[in-house]
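Visitor: I would like a close look at a single part of this model, taken slowly, with every term defined as it comes up. Please choose one element and follow it outward into its surroundings.

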Amino acid sequence: MLRIALTRSSRAMSIASPSSVPDNEASVRKIGKALETYLKNSQQHVAMMEKHRAEFETGRRHLAKMMSLDIHELDQEAIDRAIQYLFPSGLTDPKARPVMRPPDEVLPKFQRFTFDEEGKPEGTRFFTLNPKIYGLMSEIGVKTQSVMKFYDEHVGSRSVNKNDLEPANLSGSQWITADKMKKKLSEKFSNELYAQVIIAFEHLASLPGSAIEQKFLSEFREPMTASTGSKLFGPAIPEVQICAETNRRFAEVTTHCKDTRATVRVIDAGKGKYDIDGLQLHDFRHLQAREILLAPMIISQTLGRFDVKATTSCISNSLPEAPNREPLKRSGGMSALPRAVRHGTALCVAALNPESTEPLRLSGLLTLDPRKNERSKVNQPGARAKWIWKRR
Amino acid sequence: MKPCGRLVFQVARRMGACEQKISSCRQFSSEATAHDSIKVGTLCEMELAVAKQLNMKSHLPAPLSKQMDTLGEIVTLIREPIAEIASCMRVVDKNLPNLRLVLWGAFGTGKTVTLNQAVHHAYSNKWAIVHLRSAMELTRRVKEIEMSSFVSGRINDPSNAVAILQNFKQQNQHIWKILGELLTEKDYEWSKSERTLKSKPITEIIEMGISAPFLASDCVGALFRELRRHAKDDKLRVLVAIDDANSLWGKTLVKRADRTYAPPSDLTLVVHFRRMISNDWTNGCVLMVADKKEVADARDELGVSRHTPLELFGEEGFEFVEPFVPIETTNYTESETDALYNYYVNKNWLASKAARSEEGRKQLMHLSAFNPYYYERLCAFN
């Protein structure tokens, strides 16, 4: 009886049509609350997704009409552009800005259970409600057993590598957090369970001979630095590339300062040459500008080693403006342009010469300066300044 | 008393050692007389007496003449352009029309210093020197004006004319005797009362101009005319060195009676100098500097304007000075900065510990962007 009910319910779920709900109601009720809730949630989720997909499609059609585009031309990129145009947002965090994306990308996913042919849930751990975490625990247990056995068999013998009989080397890293583990296993579990898993892991890692399970352990470890807040604000340190023609290492990054966007390419094994929009270093008349430009090299003590190529542009010129508004014609001046280039240069130098990353970071050259010119207010002469008040 | 005296002695001894070290890599002006002794990359010291005669204090760029005061000597680096100029001056001949050289280059790369080195080179080879500190003074710094009585419509500039004559007299003291033997070609009637007769020494023209400023502008013209004639006759060789020569075709700040600006071709002195530049005479060398201060906006702190001769001379000026030999001045190379760095360290001009370290040497080099002007400025503050 139970089996039949399960079969039916699983079929109902796989079809996932709301019409089949009342048909199965009687039989579902007999098989307990958990599964009933699960089936209900599943159907609700399917229905909700259907609704949102339809809504998205209608929205897309409306948007295409508003932007006077053909519906086929309106791909995701065009949608993003249209939203940026229709709802201009000054919010700094990109996540806080309005978006329009397919519901499958945006909405939370529903976790489904898998069932076998006969309608039984796959794996006996299904009934523990936390199959993945219990699976992990038993895996740790099995590995602990095998490590102990391996050590007992091979201790003192010369047939294995000596390093394999040591405990695993976990220096410089730590266990991943509960949140990350939940994401990794795509399953929710309580903190007690997490603590139990960590205890099991600790035990395994402390055993002599656990070095053979190094790979397994490091899957659940993360480097210490990543979690101590050393992540850079702004663009990350770029990857080092190798130029196919000259066979020289280089790194490239795009950054900005105030209203100036700069794409900087730093090339290793150079002469200390600068090329900023066709200008060389001696074209910068002020010592301040030259000092700013050379700061990363001075701090990393690599003067004359890197060539720098940079192109700059004005950010506000590339923003979507109302059609009748003239684009602003501003570009970086004596310090903003060199500072934009300096940030890019510092990131690239850190990539090409990793020993200098720490000094550069400590001197603040790897951090983006997010400050912008404050907009002037209506009815005021400037951003903060007020007209002189006068008693008539 | 005693320890103090010993200290002085020690310092003196150390200074002596320093000087020995420097002089080993430095030429003195007495050695530089011969044409072929110009060695690129060496430091050349000019004797102070000579520098005083050539009026280097006012002709050199201000930071360098200040440095001359501070260090008590004038040492410049021999670079490619002056070697090129020297080799050009060697081929000057009475059968060849005068050689026109245009020095051009970015800001602070040593155009004026090279010009002064060339003047010094001419001095050591006993040439006559016509040296103009800046052509811009003739067009933009005219204090008083007079209408010319010689050609109607021309504007005389007595104060600048007197300055030119005085400068000529001072700079040519080494050949003053030879100049005294050169005679005028014709009678010059300056005014109703003043005149210079035929077959009188041309130095009389100079004296006349200096003593009577209202005649000075015409005297300059007469002097230049006589110089050209005698150069053609191979009596002497003439170096005409004009700084900011493109200003002769630039804009002026001289106002006429109707309150419009006079074109440079209306200024007597400008006309005289243009005649000196034209290549209808022989046995001379005209060295011009194309400088961007004529066209560039000094208040524009970010813009970078062109500094090639065509842009600076303009169509008219370029056609006038063509054909010429362009000589480009460039930024320092690393070895050139090293030569100066060693000189400054030996003279204790670079005093701080940081500047004397290897890292300091590199930083000075790169922060100045290898530009001679910026390098001197940076070294003056370290």
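Guide: Helix 13 of chain B bends by about 100° at E315(B), where the bend at a residue is the angle between axes fitted to the seven residues ending there and the seven starting there. This is a predicted model, in which local features need pLDDT of at least 70 and side-chain atom pairs count only at pLDDT 80 or more, while totals for chains, interfaces and linings use all residues. Residues are numbered from 1 along each chain as its sequence is written, with chains lettered from A and ligands numbered from 1 in the order in which they are written. Helices (H or I, at least four residues) and strands (E, at least two) are DSSP runs, numbered from the N terminus.

The end-to-end distance of the helix can be set beside its bend. Helix 13 of chain B covers residues 309–321, and although it has 13 residues, its end C-alpha atoms are only 10 Å apart, short of the 18 Å that a straight helix would reach at 1.5 Å a residue; the expected span is 1.5 Å times one less than the number of residues.

Along this helix, P309(B), L312(B), F313(B), G317(B) and V321(B) are buried, a residue being buried if 20 or more other C-beta atoms lie within 10 Å of its own, exposed if 12 or fewer, and partly exposed in between, with C-beta atoms placed from the backbone. These buried residues pack against strand 4 (99–105), helix 12 (268–277), strand 11 (284–290) and strand 12 (325–329) of chain B, where contact requires that the C-beta atoms of two residues, placed from the backbone, lie within 7 Å.

Of these neighbours, strand 4 of chain B deserves a description of its own. Seven of its seven residues are buried, and both of its faces are covered, with L99(B), L101(B), L103(B) and G105(B) on one side and R100(B), V102(B) and W104(B) on the other. In a regular strand the side chains alternate between the two faces of the sheet.

Strand 4 of chain B is joined by six bridges to strand 11 of chain B, and the two run parallel; two strands pair if DSSP finds at least two bridges between them. Within this pairing, L101(B) stands opposite L287(B) of strand 11. Five bridges join strand 4 to strand 12 of chain B, again in the parallel sense, and there W104(B) has E328(B) as its bridge partner. Strands 11 and 12 of chain B thus appear both among the elements packed against the buried residues of helix 13 and as parallel partners of strand 4.

For the wider setting, the secondary structure of chain B comes to 17 helices and twelve strands, and buried residues make up 42% of its 382 residues. Of the contacts in chain B with a separation of 6 or more, 71% are between residues 24 or more positions apart. A contrasting residue in the same chain is D234(B), in the loop between helix 11 (213–232) and strand 10 (238–242) of chain B. D234(B) counts as exposed because 12 other C-beta atoms lie within 10 Å. Leaving out residues up to four places away in sequence, D234(B) touches K94(B) and N283(B). Its C-alpha atom is also separated by 8.5 Å from that of D93(B), 141 residues apart along the chain.
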